[in-house]
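I opened this notebook to record what I looked up in one protein model, entry by entry. I wanted the overall make-up before any single residue.

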Amino acid sequence: MFKGFNIAIDRVCVKAYNKLNAEGRELMTLGALIADYRQENHLSQRQFAAACGLSNGYISMLERGINPNTNQPIIPTLPALKKLADCMGTTVEGILSRVDDMPVSLTADDPPPLHSNIIPMPSTYKVPLVGTIACGQPILAVESADELVDVPEYVRADFALRCKGDSMINARIFDGDIVYIHSQPEVESGQIAAVRIGEEATLKKVYYTGSRLVLRAANPLYEDMEYDGPALEEVEILGKAVAFTSVIR
C-alpha cells in the first residue's frame, strides 16, 4: 500500500510518495480526516471526543496538528489511533492509508494532557473578510472579499468585517478588531448590527422607537443617528454582530 517506511525506536513514520492512495482516494492530514468525518456525521468536536473516549483538547490538537505545550507538530500514539479508528468505523491501517506522511508514536502512553491554564483552540471554519466597517462615522461599504478568516465552529457567521474607529469601545469593540456577522435583515432592539446607509456602512446598536430607527454608538461622545419616513429607504441591516476578535494591545 505504501512505497516506503521509516522506522525509529519509538515511532514509525509512514511515507506516502503519491498524493493518492491505492484506492485512488486523496491523501490528507489526520486533522483534516477527523474534521471531514465530524462534518459528514454532524458531530461537534466535543461529541466526537466523547465517542472516541479521548479528551476534547486532544482532538483539538490533532485537528490543528500542533501541541500547544511544545508548539511542535503533534504525534498521535498508536492507542489513540486505535480509539479513533474504532469510533470512525475503520482500522488503524484504514486511517494510515488516508493520511500523508504522518509519524506515529509506538508508545502505549495516553495522549499528554493540557496544562490546567491552557485552553485548547476550538475547531474553526472560514468566512470571507469583506472589508472595513466604521465604528464612528459611516464609511464606504466594500463587498469584495479581501481574505478568509477563521471563525470558531460554535459561532454562526456568514462574513467578517474589520472595524475602524472608537464608537463601539464600551461594547469592547476597538479599532482594528474583526467582527463576525450573521446575515439577517432584522435584529432585535438593542442588538449590535452592521448597517448600510446608502453606499456607506457602520456598526451600531439598533433601536426602534415607533416608526423611527435609531443607531446608537457604544461611546457617549457620539450622537444617535435617527431615521424615519423616506430616509428609512436608505437604511439596510446587513446582519447581526455575533462575535469579534480583538488584537492584543
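The entries below go from the whole chain to its helices, its cores and one loop residue.

**Entry 1, the whole chain.** I noted at the outset that this is a predicted model. I counted secondary structure and found five helices and 15 strands. I then looked up burial, and 41% of the 249 residues are buried. For the accessible surface I read a total of about 14100 Å², with 53% of that area belonging to carbon and sulfur atoms. Turning to contacts between residues at least 6 apart in sequence, I found that 62% of them join residues at least 24 apart.

**Entry 2, helix α1 and its partner.** I asked how the axes of α1 and α3 are placed relative to each other. The axes of α1, residues 30–40, and α3, residues 56–64, come within 6 Å and cross at roughly 115°. On the α1 side the contact is made by L30, G31, I34, A35 and R38, and on the α3 side by I59, L62 and E63. Sorted by class, this contact has five nonpolar, one polar and two charged residues. I also checked burial along α1, where L30, G31, L33, I34, A35, Y37 and R38 are buried. Just after this helix, I noted that H42 takes a positive phi of about 55°.

**Entry 3, the nonpolar cores.** I looked next for the largest nonpolar core and found that it has 24 residues, with L30, F48, I59, L62, L84 and I95 having the most contacts inside it. The helices α1, α2 (45–52), α3, α4 (78–87) and α5 (92–96) each supply at least two residues of this core, and α4 gives the most, with five residues. There is also a second, separate core of 18 residues, which includes C135, A218, L238 and A241. As background I wrote down that, in soluble globular proteins, nonpolar side chains tend to be buried together.

**Entry 4, the surroundings of F48.** Which residues does F48 touch, leaving aside those up to four places away in sequence? I listed I34, Y37, R38, L43, I59, L84, C87 and M88.

**Entry 5, a loop residue.** I ended with E199, which lies in the loop between β11 (192–197) and β12 (200–209). Is E199 buried or exposed? I recorded E199 as exposed because its relative accessible area is 59%, and the cut-off for that word is over 50%. Finally, I looked up the C-alpha separation of E199 and V235, which is 9.5 Å for two residues 36 apart along the chain.

Notes:
Residues numbered from 1 in each chain as written. Predicted model: local features only at pLDDT ≥ 70, side-chain atom pairs only at ≥ 80, totals over all residues. Heavy atoms only, no water. Helix = DSSP H or I, 4+ residues; strand = E, 2+ residues; numbered from the N terminus. Buried < 20%, exposed > 50% of the residue type's maximum accessible area, 1.4 Å probe, protein only. Contact = heavy atoms within 4.5 Å. Areas by Shrake-Rupley, 256 points an atom, 1.4 Å probe, with all protein chains shown as cover. Axes fitted to C-alpha atoms, helices over the stretch in contact; angles between N-to-C directions. Nonpolar A, V, L, I, M, F, W, Y, C, P; charged D, E, K, R; others polar. Core = buried A, V, L, I, M, F, W, Y, C linked by side-chain atoms within 4.5 Å.
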